[in-house]
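Here are my notes on the model you sent over, point by point. Have a look at the structure first, then read on.

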Amino acid sequence: MWGAGYSRHLYPIREKGTAVTHPLLDLAPLSAARFAEIEDRVARLLDTGQDVVIMQGEALLPLEGAIRGTAGPGTTALNVITGPYGQTFGNWLRDCGATVIDLAVPFHTAVTAEQIAAAFAEHPSIDFVSLVHAEAATGNTNPVAEIGEVVRRHGALFYLDAVASVGAEPVLPDAWGVDLCVIGAQKAMGGPAGVSAVSVSERAWARMAANPAAPRRSYLSLLDWKDRWIDGGRKTLLHAPAQLEMLALEACVERIEADGLDAVMARHRAAAAATRAGARALGGGLEPYVHADREAAPVATTLRTPAGVLASELVSRSLASDPALPLAAGGGALASEMIRVNHYGVDATRDAVRASLAALGAALGEKGLPVDVAGALRAVEDAWR
Ligand SMILES: *Cc1c(COP(=O)(O)O)cnc(C)c1O
């Protein structure tokens, strides 16, 4: 238990000669059986019968490991860019020696299955497709079910970054024919950032096994986990697991199971709809960045600031009034015109949406722009239902 010493010293190891245990320390080792149970729980969350590997690092670890495991000089990859992660995937693919066809769509929209089909028609050699499901950084979401049909029809391997969609909207690798589906818990799942998971189809394992450049005996290697963990019946872990992060992942999946995945997703959907409706009613020149409602991600809502109003400045002013608001300016060049309302995890609530819009409204009002905060809050109420 937390001893009184914790308020007096940073690291009081002993008190009155007795060891004082700490809730984050002195834990029993995480067993292989418990690790496997957590993997099974994640598999149930994704409704998948594929192998699920929990990687001991942030989602970039399986995202990179899956590309390096499956792509090589013989690969022709269609890399869909709907935000910053697509850029990163293209760089890894090129680094692996793959021929990369980039399909970039403007950040205020989503890619369509027709665009994917047109790319296959133009480049029949495509045998790998990388796609981000939802982009927290740009606020769009892509129609993965429809795209999956096209990808399957052409027999290409389908790689999906579902880090920002899982928990906010359905993520169904088996139903959609996704071969490599990467998730992280730090967004809509309301969990830790330090471990992540990937579901791997038989086809994807076969592609890796046939790839001489696939990482082996490496932290990036998925094949190591297949050979030494899965094929061995999940009895012996490759190395000491990130115990705290694994326990946090277990707790967060448990919480989602208790609330019901549908209820958690409904909260995110309502938060996005309410934020978009509230922003439109607020006025002051603020508007949803993603034009079409169906292309807007449930995980986070991006807003466009009016000409002459710096998004980063509006966010700073809003955070000065309440540092706990889930607001951020867009990354890089987007910082001037994009506001991100990160209404995910514990912030997928009506209160967080209301407070965010009220603060943005006050900041716009200070700039002399005409805003209707009461109208925005009414729109939030109406849209939440
Ligand atoms: C958040 C996110 C990740 C993980 O990145 P972090 O910035 O480390 O949280 C990966 N992919 C997508 C699409 C994301 O939104």
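How many helices and strands does the secondary structure of the protein chain come to?

1. **Overall make-up.** The count is 14 helices and 13 strands. Keep in mind that this is a predicted model. For the 385 residues here, the globule rule gives 21 Å and the radius of gyration is 22 Å, close to that value, so the chain is as compact as a globular protein of that length. If you want a box for setup, the C-alpha atoms fill roughly 75 × 65 × 35 Å along the principal axes.

2. **Burial and surface.** Buried residues account for 54% of the 385 in the chain. The accessible surface is about 16,100 Å², and carbon and sulfur atoms hold 55% of it. As for contacts, take those between residues at least 6 apart in sequence: 68% of them join residues at least 24 apart.

3. **Charges.** I also looked at how the charges are placed. There are 33 positive and 43 negative ones, and the mean positions of the two sets are 3 Å apart.

4. **The main core.** The largest nonpolar core has 83 residues, and Ile116, Met189 and Leu249 are the ones that touch the most other members. Helix H2 (residues 32–45) gives the most to this core, namely 7 residues. A separate core of 24 residues lies apart from it, with Ala271, Ala274, Ala311 and Leu360 among its members. As a general matter, nonpolar side chains in soluble globular proteins tend to be buried together.

5. **Around Leu249.** Which residues is Leu249 in contact with, leaving aside its neighbours within four places in sequence? The set is Ile38, Val42, Ile54, Ala185, Met189, Pro192 and Val195. Met189 in that list is also one of the three residues that touch the most other members of the largest core.

6. **Helix H3.** This helix (residues 60–70) has 10 of its 11 residues buried, so it is largely enclosed by the rest of the structure. The buried set takes in Leu61, Pro62, Leu63 and Ile67, among others, but also Glu64 and Arg68. I'd look at those last two on screen.

7. **Helix H11, two residues.** Met265 sits in H11, which spans residues 261–282, and His268 is found in H11 as well. Is Met265 buried or exposed? Its relative accessibility is 7%, and the cut-off for buried is under 20%, so Met265 counts as buried. His268 is buried too, with a relative accessible area of 0%.

8. **What those two touch.** Not counting residues up to four places away in sequence, Met265 touches Gly167, Ala168, Glu169 and Pro170. The C-alpha atoms of Met265 and Ala168 are separated by 4.4 Å, although the two are 97 residues apart along the chain. His268, with neighbours within four places left out, is in contact with Gly167 and Ala168, and also with Ala188, Pro298, Val299, His343, Tyr344, Gly345 and Ala348.

9. **Ala204 in helix H8.** Ala204 lies in H8 (residues 202–209) and is buried, its relative accessible area being 0%. Leaving aside neighbours within four places, Ala204 is in contact with Thr70, Leu157, Asp179 and Leu180. Thr70 is one of the buried residues of H3. Compare Arg34: it is 170 residues from Ala204 in sequence, and the two C-alpha atoms are 26 Å apart in space.

Terms used. Residues numbered from 1 in each chain as written. Predicted model: local features only at pLDDT ≥ 70, side-chain atom pairs only at ≥ 80, totals over all residues. Heavy atoms only, no water. Helix = DSSP H or I, 4+ residues; strand = E, 2+ residues; numbered from the N terminus. Buried < 20%, exposed > 50% of the residue type's maximum accessible area, 1.4 Å probe, protein only. Contact = heavy atoms within 4.5 Å. Rg over C-alpha atoms; globule rule 2.2 N^0.38 Å. Areas by Shrake-Rupley, 256 points an atom, 1.4 Å probe, with all protein chains shown as cover. Lys, Arg positive; Asp, Glu negative; His and termini not counted. Charge placed at Lys NZ, Arg CZ, Asp CG, Glu CD. Core = buried A, V, L, I, M, F, W, Y, C linked by side-chain atoms within 4.5 Å.
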